[in-house]
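Please work through the following exercises with the structure in view. Each task is followed by a worked solution.

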Amino acid sequence: MMAQSKALLVLENFIGGKFIPCSSYIDSYNPSTGDVYCKVPDSGKEEVEAAVKAAKDAFPIWSSKSPLERSQILNKLADLIEHDLEAFAQAESKDQGKTITFARTVDIPRAAYNFRFFASSILHHVTECTEMATMGCVHYTLRAPVGVAGLISPWNLPLYLLTWKIAPAIACGNTVVAKPSEMTSVTAWMMCKLLEKAGVPHGVVNIVFGTGAKAGEALVCHPDVPLISFTGSTLTAQRITEKSAPHCKRLSLELGGKNPAIIFDDADLSQCIPTTLRSSFANQGEICLCTSRIFVQRGIYSEFLKRFVAEAKKWKTGNPSDPTVDVGALISKEHLEKVRNYVKKAQAEGARVLCGEGVDALDLPPGNQKGYFMLPTVITEVKDESCCMQEEIFGPVTCVVPFDTEEEVIKRANGVKYGLAATVWSGNVGRVHRVARRLQSGLVWTNCWLMRDLNLPFGGMKASGIGREGAKDSYEFFTEVKTITIKH
Ligand code: NAD
């Protein structure tokens with residue numbers, strides 16, 4: 001089980017209900033100190049093979065349980081995660097670099113809620129039935145779990161996004177092999193310790209740790225894994241699509257974004273500014289739904305910019321375990337460099353950096369000097385074609401530009417390859433509906449951000465993804481439908 005070697009935390013794969021050591025390990029860093037603090041299994045084909053076998057063996061019994069039995073187990077797991085909320089939050093913050101406040105209030109409560117939500121929703125699906133009276137027959141549909149689901153998740157919201165996949169997959173009666181990001185594996189490993197207590201039979205949830213290239217690809221290519229639910233970058237999704245194509249696998253792909261906020265001159269700035277700061281910089285800007293292009297109508301542009309930058313400067317960056325800190329550490333040294341480079345490129349193109357990177361000084365406690373920190377950064381005077389306005393940066397960087405008309409801003413907001421989330425700020429209800437309808441975006445929030453009803457579809461258009469997740473959508477993805485006709 002839990003092993004400590006030279007004060008390092010050593011994780012093990014969880015296969016068939018047992019913790020199993022791996023022959024080789026990867027270093028995992030604490031992003032706020034830059035120190036290696038954990039060893040993560042470097043699994044490959046062999047480990048994935050064992051996990052898929054365990055999941056296949058567990059499928060007949062798990063899939064034959066009633067939705068109510070499965071629901072009770074999911075609720076128990078939610079209770080256990082909630083009971084250990086503080087320990088999970090501390091671990092997530094240390095492993096990912098996010099603030100303890102964010103982990104306590106967003107990541108871990110949502111991980112527990114994912115199980116509770118699907119425990120409830122699985123009880124309420126109905127299948128369809130139609131009658132063809134003149135032909136003397138009725139038709140109805142049945143839904144059944146598919147088999148072993150392969151689940152691959154990213155590092156930004158580790159347990160939150162992993163459980164968003166595990167919960168619907170097992171609620172529907174599938175068994176799973178999951179592979180969390182190699183950079184943030186600790187909370188998934190902690191959750192494995194709760195599965196037996198919750199009543200999850202051995203082999204229903206298997207977790208294999210390791211890199212995408214080795215463990216992830218072995219899972220994607222395994223012939224006995226008919227469906228893959230993936231959240232991560234568009235580039236990796238292309239690779240997964242190619243690798244899974246020979247097997248004709250069912251894919252759900254939740255990918256990156258380049259999300260616009262459109263702020264009209266009748267917006268309530270007292271609501272809009274604090275929310276747009278959150279939508280730009282929450283979780284260090286490492287949320288696929290974060291705003292990174294802010295279009296402000298010319299009449300309020302100067303006022304918005306002045307107030308927005310003044311507020312951004314108040315966000316405190318530092319030790320993630322300090323509850324007064326707003327911005328923690330970025331996930332890795334490489335990622336920090338990548339995000340910084342975007343700011344440098346923008347400057348080289350003639351853009352102005354109004355606060356943050358290269359403008360203000362970071363003030364870090366002595367223990368965090370080697371951590372991967374960056375201040376909230378606001379860029380302006382940047383062209384729509386610039387890489388900062390086109391590519392996903394995935395850090396605490398946002399661009400602010402003016403616009404004149406509704407028609408113009410819709411075109412500019414849609415002028416990227418992504419289509420995940422957009423926000424629209426206006427007091428004019430007609431305009432809000434008009435703009436929301438025309439934005440190429442899977443989600444549009446108006447006069448708010450990140451308010452989610454898990455019943456409704458979540459997902460992106462264009463390069464932001466294929467498929468949707470949510471109560472009904474996840475149910476449809478994780479089940480196979482059959483149409484039966486009865487002639488009487
Ligand atoms: P990533 O694509 O590098 O990795 C995601 C996962 O895929 C990791 O577990 C990784 O190990 C695995 N992986 C990598 N290569 C693989 C391969 N060849 N085969 C199988 N698995 C492979 O993404 P990331 O850097 O971890 O996460 C950031 C990205 O995720 C951003 O683009 C962000 O927008 C996106 N994201 C999207 C959503 C959403 O719901 N749309 C949510 C969160 C993050």
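**Exercise 1.** Determine how α2 passes α6, and which residues meet.

Solution. Helix α2 passes helix α6 in a right-handed crossing (the near helix is turned clockwise from the far one by less than a right angle). The model is predicted, with local features needing pLDDT of at least 70 and side-chain atom pairs pLDDT 80 or more, while totals for chains, interfaces and linings use all residues. Residues are numbered from 1 along each chain as its sequence is written, and side-chain values use heavy atoms, without hydrogens and water.

Next, take the geometry: α2 (residues 67–83) and α6 (residues 186–198) pack at about 135°, their axes 9 Å apart. The pair is therefore oblique (neither under 35 degrees, nor over 145, nor 65 to 115).

Finally, list the contacts (heavy atoms within 4.5 Å). From α2 come Ile 73, Lys 76, Leu 77, Leu 80 and Ile 81; from α6, Met 191, Leu 194, Leu 195, Lys 197 and Ala 198. By class, eight residues are nonpolar, none polar and two charged.

**Exercise 2.** Establish whether Thr 234 is buried or exposed, and what surrounds Thr 234.

Solution. Thr 234 lies in helix α8 (residues 234–244). Its relative accessibility is 10%, so Thr 234 counts as buried (under 20%; exposed is over 50%, partly exposed in between, with a 1.4 Å probe and protein chains only). Beyond neighbours within four places in sequence, Thr 234 contacts Leu 255, Gly 256, Tyr 418 and Ala 463. A polar side-chain atom of Thr 234 lies 2.9 Å from the backbone oxygen of Ala 463.

Technical notes
Axes fitted to C-alpha atoms, helices over the stretch in contact; angles between N-to-C directions. Helix = DSSP H or I, 4+ residues; strand = E, 2+ residues; numbered from the N terminus. Nonpolar A, V, L, I, M, F, W, Y, C, P; charged D, E, K, R; others polar. Polar contact = N/O pair within 3.5 Å; in protein donor to acceptor, adjacent residues only side chain to side chain.
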